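Dear colleague,

I am passing on the structure we spoke about, together with some notes on what turned up in it. Please have it open beside you while you read.

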Amino acid sequence: MAQYWISHTCGHSRTIQIYGKGTEPQRKIEWFEWCETQECPQCCAAKEREIEAAKRSEDKRKAAEAQVIVETKIAGIPKPSRPSCHPREAHPGCHWNGKYYGNDNYGYRYYADGVSYPLSDDDYKACMDYRKAMDVYNTQIEQAKKAVA
Ligand SMILES: [Zn+2]
């Protein structure tokens, strides 16, 4: 049995007992010599924790940065303004199923809280234009979110 004194590169040192005979202790001594080129296990572990923590905060920073990019992009996309003839504008707070009924010959109407309201052709067109504009808007929002995801 022999004692081996390892001084690590971090300045810490420790004593290790070597048991046995033959080539086995020799291999251990080689390993101990390699240990001397390293920091002690505590310092290695501390360094790993530090790297992990740095990686986590870097990930957080990147996520926050991506979030800002998305928000800036979204803020830059002009949101279509709802025409005043739109069911939600004309009857705020009322239940509307999101549907328009009718055709070009007989005109269009919608139901708010079960009451039928007619839409002039121009108003219907304005509501349809708004619907299309909102589709485009929502697609742009989705794309902005996906671009950084
Ligand atoms: Zn150390």
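How many buried residues are there among the 36 residues of α2? The count is zero, and helix α2 is thus described as hardly covered. Please keep in mind throughout that this is a predicted model, and that the values below are computed from it.

Helix α2 itself covers residues 41–76. From its first C-alpha to its last, the helix reaches 52 Å, which is close to the 52 Å expected for its 36 residues at 1.5 Å a residue.

One partner of this helix is α4, which takes in residues 121–148. The two helices pack with their axes 9 Å apart and at an angle of about 160°. Since an angle over 145 degrees counts as roughly antiparallel, that value makes α2 roughly antiparallel to α4. The crossing in which α2 passes α4 is right-handed.

As for the overall division, the domain assignment of the protein gives two entries, with domain 1 at 2–72 and domain 2 at 82–148. The C-alpha centres of domain 1 and domain 2 lie 63 Å apart.

Turning to the strands, β1 (residues 2–7) and β2 run antiparallel and are joined by six bridges. Ala2, for instance, has Ile18 in β2 as its bridge partner. The hairpin that β1 and β2 make has five residues between the strands, and in this hairpin Gly11 takes a positive phi near 100°. Strand β2, which covers residues 13–18, is hardly covered, with a count of zero buried residues among its six.

There is also an open sheet of three strands, in the order β3-β4-β5, where the pairing is antiparallel. Its edge strands are β3 (101–103) and β5 (115–119), each of which pairs on one side only. On average, and with direction ignored, neighbouring strands of this sheet are turned by 15° against each other. Within the sheet, three bridges link β3 to β4 (residues 107–112) in the antiparallel sense, and Gly102 stands opposite Tyr108 in β4.

If you wish to begin with one element, I would suggest helix α2, for which the count of buried residues is zero and which packs with α4 at an angle of about 160°.

With best wishes

Note on methods. Residues numbered from 1 in each chain as written. Predicted model: local features only at pLDDT ≥ 70, side-chain atom pairs only at ≥ 80, totals over all residues. Helix = DSSP H or I, 4+ residues; strand = E, 2+ residues; numbered from the N terminus. Expected span 1.5 Å × (residues − 1). Buried ≥ 20, exposed ≤ 12 C-beta atoms within 10 Å, placed from the backbone. Domains from an automatic or database assignment. Pairing = 2+ DSSP bridges. Axes fitted to C-alpha atoms, helices over the stretch in contact; angles between N-to-C directions. Parallel < 35°, antiparallel > 145°, perpendicular 65-115°, else oblique. Left-handed = near helix turned anticlockwise from the far one by under 90°.
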